[in-house]
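Let's walk through a protein model together, one piece at a time. Keep the structure in view as you read, and find each part as it comes up.

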Number of protein chains: 2
Amino acid sequence: MADQISGMNGRVLRVDLTRNQFAVTEMSRTDRESFLGGRGLGALLLYRELPPKTDPLGEENLLIFSTGPLAATSAPCSSRFCLTTKSPLTGFYLSSISGGYFGPALRKAGIDVLVIKGRASRPTYLLVKEDGVEFRDASGLWGMATDHTQEFIRSELGDSVGITCIGPAGENLVPYACLINERRALGRGGGGAVMGSKNLKAVVVQGVQKPPVGDEGRFRTAVKRAFDEIQKNPVTSKTFPKYGSASWMTPLKEFGITPCKNWQISPPPEIEKITFESIRDDFVVKDMHCAPPCPIKCSKLTLVRQGQFAGLLTEGPEYETIYSFGSCCGIYDGSAIIAADDFCDRYGLDTISAGVSIAFAMECYERGLIDTRVTEGMELSFGNNHVLLPLLHKIVYQKGFGRMLAQGTKRMAERLGKGSEAFAMHAKGMELGGYDPRGVKGMALVYACGSRGGCHHAGGFTVLAEVLSGKLDRFSDQGKAKLVKETRDRRSAAFDSGMLCAFAGAALSDGTIAEMISGASGHPFSAADIYTLGDRIGCVERAFNVREGLTPALDTLPGRLLNEVLSEGPNKGQKIDLPTLKKEFYQECGWDEVTGLPKKEKVSALGLNRILGE
Amino acid sequence: MADQISGMNGRVLRVDLTRNQFAVTEMSRTDRESFLGGRGLGALLLYRELPPKTDPLGEENLLIFSTGPLAATSAPCSSRFCLTTKSPLTGFYLSSISGGYFGPALRKAGIDVLVIKGRASRPTYLLVKEDGVEFRDASGLWGMATDHTQEFIRSELGDSVGITCIGPAGENLVPYACLINERRALGRGGGGAVMGSKNLKAVVVQGVQKPPVGDEGRFRTAVKRAFDEIQKNPVTSKTFPKYGSASWMTPLKEFGITPCKNWQISPPPEIEKITFESIRDDFVVKDMHCAPPCPIKCSKLTLVRQGQFAGLLTEGPEYETIYSFGSCCGIYDGSAIIAADDFCDRYGLDTISAGVSIAFAMECYERGLIDTRVTEGMELSFGNNHVLLPLLHKIVYQKGFGRMLAQGTKRMAERLGKGSEAFAMHAKGMELGGYDPRGVKGMALVYACGSRGGCHHAGGFTVLAEVLSGKLDRFSDQGKAKLVKETRDRRSAAFDSGMLCAFAGAALSDGTIAEMISGASGHPFSAADIYTLGDRIGCVERAFNVREGLTPALDTLPGRLLNEVLSEGPNKGQKIDLPTLKKEFYQECGWDEVTGLPKKEKVSALGLNRILGE
């Protein structure tokens, strides 16, 4: 057993944009062993260093970019990195994971964690190098789309840099603005607006060091096993490589799980037009990965060749985007979905929140809560694909009706009232991912109790186990609390902190992951340790949220999911018993039912007293 | 004196797309000495090898890419290359010059001229390397915009390749579709449609050889002088670096030379909104060159930050584009012009022909020759900037009213009749550049007698001498025929064949240019030789056009320029005496007034008997 986590140098680069200063500190061995990397270290630092009740768009909010012991190594699907901050959309904890060249570059520059605070006096981008940080004028980049921004920076600094940046949506503080690296997004929760509030257009990293690996032999053996597992599993060797995440659509629509028409109906026959086979046949021109080494290449470069959106190209759309702009808005037109996806990537907008916000507005329009005076003449009927791009432009620039849409469903519903809260499809202000928990009960807990709000994976992801494995009863509550917690802990530790792509998780065994992390970090982690680590991260995220005002009452779902049943389809009549599910989940997590906080014995068992207090 | 043109290896790469074959041949020493490179060699090969009356979009048409002895050397502004083909817009000779990485890469691959014929059986792109040619499947690229096409290819082949490619406009055979390399265009005359007709999406070149230089010492001395001359001249060291070609706008509008409202009026006060100072202040984010070595950096990367076009970015707009989409359409909105420019670059459309065709349609609309039934509901009034992007999309995809606009002004007027021919602002089918010859008489000849039709520079360019130098009377016919021929010959030889950027021509002395070419090629060229070379090129271009059906009657101008006078402004009442100008110009060129052909004695004096016959 190594004396320290030799596979991570533990260096934290701290940048203060207000003072144009930077400094490097070292993390303690205990912190590194206890939180590993990525999401774990992000949660720890956010809890420890962000003053309570900080305005998410205030100078004091932190942007924490973190990598893990597998980043920039030969481990498969390891080009991931994590952003942790306080979300302007939810007001709570936000972590966001993405792939690409940024994370590996950061680690190759000798940095495990980059913490940014303050606000630059003018538009700025950071150039992070092994020997320091440059604060560069980004006045010329301000207003530029994300593709041009990256092209512009690479034309100055060469192609080997890692970049993450914001588009006009982030500059204009849209609370669901995202960050973009290459064509991948740190999508959810408004990290882009936090960047914008700091006058920070981009973070650019130049790094060429080979990162340290604690135990080369052990690591190499585990990596070989990992590639074998990915190769042997049909999901990661066949389905994802061919169809990407859009492959979900075909089975999920059969089970009635893909939400349609703002979650009012079961999938109609038109949904066939936007299944993965249709998208693949009509539009895909290339299979891509976010960065090597990735044998899966789930990313699909898609091109519209005909019609009003001809000529547009995007990476994606992911299943989530096909849901948000497609089925959720009643739009069964692949080219319109691709055009909206392309726009969001270029202007830096989260596709899920944008699409679900538009779907909410469509339902408000059809119910007469808003009319063409509010929508500036636009017919917001479900299925009207002509409104997508004009609305998105208005959102990004916060113009006219776009100012309302840009607030997201929660604030729109608060303003409109008249019962619209019931069909504002969010949890804690974050618009829900595309899985109706009336057909997959575990997802009710994922949305209701997840630390970043209505996200479909940060709080666990049970669709594989409940629906696609065929082994569990998807309508039953039995054992679902335990399942949600397990998937959450596995995800947050092995994948989001390790760091590995969650899509590889369909194939990789816990043992192999633990071995890769042990080999890379030089510190032994068993499969069980991984789950303990995830539990610990969940505890800190929860404590953070409670400190920011979370109460058990906010661990809830939209009224539509709690009180309305579907009148047709595979999930007809299904109800969600959230109180029972929640009670069990609190027990699994060791959370107090009154305060919502992790209980003392849990805190103590996880060795978190020194952080969360006695 | 060297025994051969040692600075050019004279290699011609011939590619047959129909047969998937390629071969390398050598040009003779005589051909190289007589035609030097670029436009010269292109004209020679087109004349010699293209069967008469070939359909421009037929399999037999040739695409000839050529470089010159200065390409890929350290000569300033030498990243140029030439495309020669038969134009689908005019049915006559077409040469088109552009800058960027393609030309230098071709030369570095050891190729002076690339001749492409035939038609691929499926969408294809060519990868040209030192050791051969790959015919690569471009099915996935078909339908893709030019920016994505290049990104896609570079992601596969690395960033060091040179690329020229077409967008959807070329694929759809729009007769004024262009080619794009990086963000520069081989703009005029429809080379993009010729590419499209051959199922050829892109030509990609990988080359790393240092090209041969005949006399290093002589060359280096001349290059140093050239850089000095550029540095000392305020146009090339101050005006162009700051404002690019948009710098023309301010003086030219003062002289009433910038055409407005489809050449109906003198510049109105609103033109101040689109002068170079306005564009610079409001939009420019970076000064760029097409490729090194270029100390001028005339290219302006511009970004729209506000309004309906916010987020769009383009390289440019050039003066010509500000004229075509701006003043010619009565649109004095920089952001709308930039948006149209960006669209044309991405979809591969010539901005001048597109804008002037729209301006023509606007006049037809205002005169009642077409109405909203034809325009599909669009109000085509001058100044309506909302129609630009929808119309351009229709043109590219040849949809509805776009099918008519895509034909260009000549064919539109032939179809509409009712006197519209008089204000269809083209010569030989090519829409005119932005210089009203009623205010600068030499330009009447440039347009009327230029070998590629209504282009403002291929047939000479007299604006500098007639207007900006302050030395000549711009309204006089005196000496203009000689001036046009001199500028034409200097341009076609020194710049388009040398190859050098014409913008450097404002500073470079003939002696310096001749010395650079002599040093690079290893063959002595005097300043006088340059003009003889230009004369020779002009002769061959002319002979080609006459063989294709050109008669002296077609050396003419739109009725508006011959019969209408401006009722106000600096050029009020000015008339063009084209017959007198033409007579003198024919004499200068040695052209027969009946046949239009170069006379025998001219052919003989230029040593062209072996090519053009006795």
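Start in chain B with helix α8, residues 234-243, which lies across β13 and β14 of that chain. Relative to β14(B), helix α8 runs at about 30 degrees. Before going further, please remember that this is a predicted model.

What kind of sheet do the strands beneath this helix belong to? In chain B, 3 strands form an open sheet in the order β13-β14-β15, with antiparallel pairing. At the edges stand β13 (284-288) and β15 (313-315) of chain B, and each has a single partner strand, so one side of each is left without a neighbour in the sheet. From one strand to the next, the twist averages 15 degrees. It helps to recall that strands of a sheet pair through backbone hydrogen bonds, either parallel or antiparallel.

Now look at one pairing in detail. Strand β14 of chain B, residues 299-303, is joined to β15(B) by 3 bridges, and the two run antiparallel. Find B:T302 and you can locate its bridge partner in β15(B), which is B:T314. A second helix, α12 of chain B (residues 334-347), lies across β14 and β15 of chain B. Its direction makes an angle of about 70 degrees with β15(B).

Next, move over to chain A. Here you will find an open sheet of 6 strands in the order β2-β1-β6-β3-β4-β5, and its pairing is mixed. The edge strands are β2 (21-26) and β5 (93-99) of chain A, each of which pairs on one side only. The twist in this sheet averages 20 degrees from one strand to the next.

Strand β1(A) is a good place to see what mixed pairing looks like. Towards β2(A), strand β1 (residues 11-16) makes 6 bridges, and these two strands run antiparallel. Within this pairing, A:V12 has A:T25 as its bridge partner, while A:R11 stands opposite A:E26. The hairpin of β1(A) and β2(A) has 4 residues between the strands, and A:N20 takes a positive phi near 55 degrees there. Towards β6(A), strand β1(A) pairs in the parallel sense over 5 bridges. One of the partners to look for is A:L114 in β6(A), which is bridged to A:L13.

This sheet has a helix across it too. Helix α2 of chain A (residues 38-49) lies across β1, β3 (63-66), β4 (80-86), β5 and β6 (113-117) of chain A. Its angle to β4(A) is about 20 degrees.

Finally, where do the two chains meet? The contact takes 29 residues from chain A and 30 residues from chain B. Together, chains A and B bury about 2,200 Å² between them, 50% of it on carbon and sulfur atoms. On the chain A side, A:H148, A:K286 and A:R305 lose the most area to chain B, together 19% of what that side buries.

What polar links cross this interface? There are 24 residue pairs in polar contact between chain A and chain B, and the rule finds 4 salt bridges. One of the salt bridges joins A:R183 to B:E151, with the closest N and O atoms 2.8 Å apart. On the side of chain A that touches chain B, the elements giving two or more residues are α4 (146-157), β13 (284-288) and β14 (299-303) of chain A. Helix α4(A) gives the most, with 5 residues. By class, that side has 14 nonpolar, 9 polar and 6 charged residues.

Notes:
Residues numbered from 1 in each chain as written. Chains lettered and ligands numbered in written order. Predicted model: local features only at pLDDT ≥ 70, side-chain atom pairs only at ≥ 80, totals over all residues. Heavy atoms only, no water. Pairing = 2+ DSSP bridges. Axes fitted to C-alpha atoms, helices over the stretch in contact; angles between N-to-C directions. Contact = heavy atoms within 4.5 Å. Buried area = accessible area lost by both parts, 1.4 Å probe. Salt bridge = Lys/Arg side-chain N within 4 Å of Asp/Glu carboxyl O. Polar contact = N/O pair within 3.5 Å; in protein donor to acceptor, adjacent residues only side chain to side chain. Nonpolar A, V, L, I, M, F, W, Y, C, P; charged D, E, K, R; others polar.
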